[in-house]
Amino acid sequence: MAPMTDPAPAPQSAVCVENPTLLIVDDSRLMRHALKKILSADFNLVEAADGEEAWEKLQTEPSIQAIFSDLSMPNLDGYGLLERVRKSVEARINSLPFIVITGKEGDDASLRSEAQALGANEIVCKPFKSEEIIGMTNRFLAGDEQGDAEAEALRLAEEAEAQRLAEETARLAAEQEARRIAEEAEAQRQAEETARLAAAQEARRVAEEAEAQRQAEETSRLDAEAEAQRAAEESASQQPVQEELFEGGALEDVQLAVKDVAEQAANDAASEDVNAAVAEAANYTELPDIDDNISDIAAAEPQRFPFLTRTCIRLAMPFMRLSNYLLRLNKDKQLAALRERL
C-alpha cells in the first residue's frame, strides 16, 4: 500500500491563495530569495528575473497587487518596466504600487527624482530591513483597499446621483407632458368655444337675413295692396267718364268705321286703281268730330285728360297702321307702273 501523505499543506495552500500577491523582479536570485524569506509568511509571491519576464507575468497573473523591482536588469531594466506599467491601457496594471529596490545609496537625489518622475511609489535601498519592507507593503496594500473602498463609495454615490438625476428628469418630463396635455385641452376648449360663437353668429345672421326678407316681402305686399287699392279707386273715379264719353255706342261706331276703312282699302288694293284706293283711305284718316270732342272734354274737365289721352292713342293706332300700309302699297304700285311705261 502506498504511504499516506500529510494533508496539512492543502489548508496552507488555501491560506496562500487568500493572501495578497506580490511580484518580485530582480536578476539576482539571492535578492529574490531574501525578499521571499521576508514576505512569504503573509503574501503570495511571483518571481521574475528581468523586466520582460515581469511584463509577461503581469499579463497572465491578474491577482498581482504590488511590484518590487530592481533597476539594473538585462533585457528590460526597472526604468523600462516602470514606464511600460504606467503607460498600460489596463487600469489594473497602470495603477499597481511600484516599489524600486536598488543597491545605490539612498541619498542619490537624481535616482529618486528619476524614478518618481516615471511613477515609482517608493524607493528602497539595499540592504533593507524586514520591518521596513513589510510595513511598506502593508501600507500600500491598505492604501489600495482604502482606495477601493473610496472608489466603491464614489461609485455608489455616482449611481445614487445618477438615479436622482434620472428621477428628476422623469419628474420634469411628466410635468412637461402634463402641461402639454393641459395646453392641448385648453386649445381644444378655445377652438370649440370659437366654433360655438361662430355658429351662433351665423345663426343670428341667417335669422336677420330671413327677417329682412320677410319684411321686404311684407313691404312689397303692402305696396301691391296699396297700388291695387289706388288703381281700384282711380278706376272707380274714371268709370263715369268712360260711360259718359262712349254712351250711345260711340266706341262701337269707331270700331265699325275702322273695319269699313280696312275692308274698302283691301278691295281697292286688289283693283288696278291705286289712286282711288289712296283717295278712299284719305277720306277716313280722321274720325268725324272725335278730336273736337276730346279737346272740349280736356278743356272743360282737365282731371279727365290723362284717361282721354290714353283713349285717343289707343283709337288712333289702327288708323296710323292703315295709313302706313296704304302709303307703302301706293308707292309699290307707282313703281310698278313706271317700270311698265319704261
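A charge is taken to sit over a ring if NZ of Lys or CZ of Arg is within 6 Å of the ring centre and within 35 degrees of the ring normal. In the predicted model examined here, arginine 139 meets this description, lying over the face of phenylalanine 140 at 5.2 Å from the ring centre. A further case involves tryptophan 55, whose ring has the charged end of arginine 84 over it, 5.5 Å from the ring centre. Pairs between aromatic rings were also examined, and the count came to 0.

With regard to the overall architecture, the chain contains 11 helices and 5 strands. Of its 342 residues, 25% are buried, and the surface that the chain exposes amounts to about 23100 Å², of which carbon and sulfur atoms supply 55%. Among the contacts in the chain with a separation of 6 or more, 62% are accounted for by residues 24 or more positions apart.

The largest nonpolar core comprises 24 residues, and the members that touch the most other members are Leu23, Val25, Leu58, Ile67, Leu81 and Val85. At least two residues of this core are supplied by each of several elements, namely strand 1 (21-25), strand 2 (44-48), helix 3 (51-60), strand 3 (64-70), helix 4, strand 4 (98-102) and helix 6 (109-118). Helix 4 provides the largest share of this core, with 4 residues. Another core, of 18 residues, lies apart from the one just described, and its members include Leu39, Ile99, Phe128 and Leu141. The surroundings of isoleucine 67 can be given in detail: when residues up to four places away in sequence are not counted, isoleucine 67 touches Leu23, Val25, Leu58, Val85, Leu96, Pro97, Phe98 and Ile99.

Serine 88 was considered separately. This residue is placed in the loop between helix 4 (78-86) and helix 5 (91-94). Because its relative accessible area is 12%, which falls under the 20% limit, serine 88 is classed as buried. A polar atom of the side chain of serine 88 lies 3.2 Å from the backbone nitrogen of glutamate 90, a separation that is within the 3.5 Å allowed for a polar contact. Beyond the residues up to four places away in sequence, serine 88 touches Trp55, Ile93 and Asn94. Of these neighbours, Trp55 is also the residue whose ring lies beneath the charged end of arginine 84.

Definitions and conventions. Residues are numbered from 1 along each chain as its sequence is written. This is a predicted model: local features need pLDDT of at least 70, side-chain atom pairs count only at pLDDT 80 or more; totals for chains, interfaces and linings use all residues. Side-chain values use heavy atoms; hydrogens and water are left out. Buried means under 20% relative accessible area, exposed over 50%, partly exposed in between (1.4 Å probe, protein chains only). A polar contact is a pair of N or O atoms within 3.5 Å; within protein, one must be able to donate a hydrogen and the other to accept it, and residues adjacent in sequence count only if both atoms are side-chain atoms. Contact means heavy atoms within 4.5 Å. Accessible areas come from the Shrake-Rupley method with a 1.4 Å probe; for residues, only the protein chains shown count as cover. A nonpolar core is a set of buried Ala, Val, Leu, Ile, Met, Phe, Trp, Tyr and Cys residues joined through side-chain atoms within 4.5 Å. Rings of Phe, Tyr and Trp (its six-membered ring) pair if their centres lie within 6.5 Å; planes under 30 degrees apart count as stacked, over 60 as edge-to-face and the rest as tilted.
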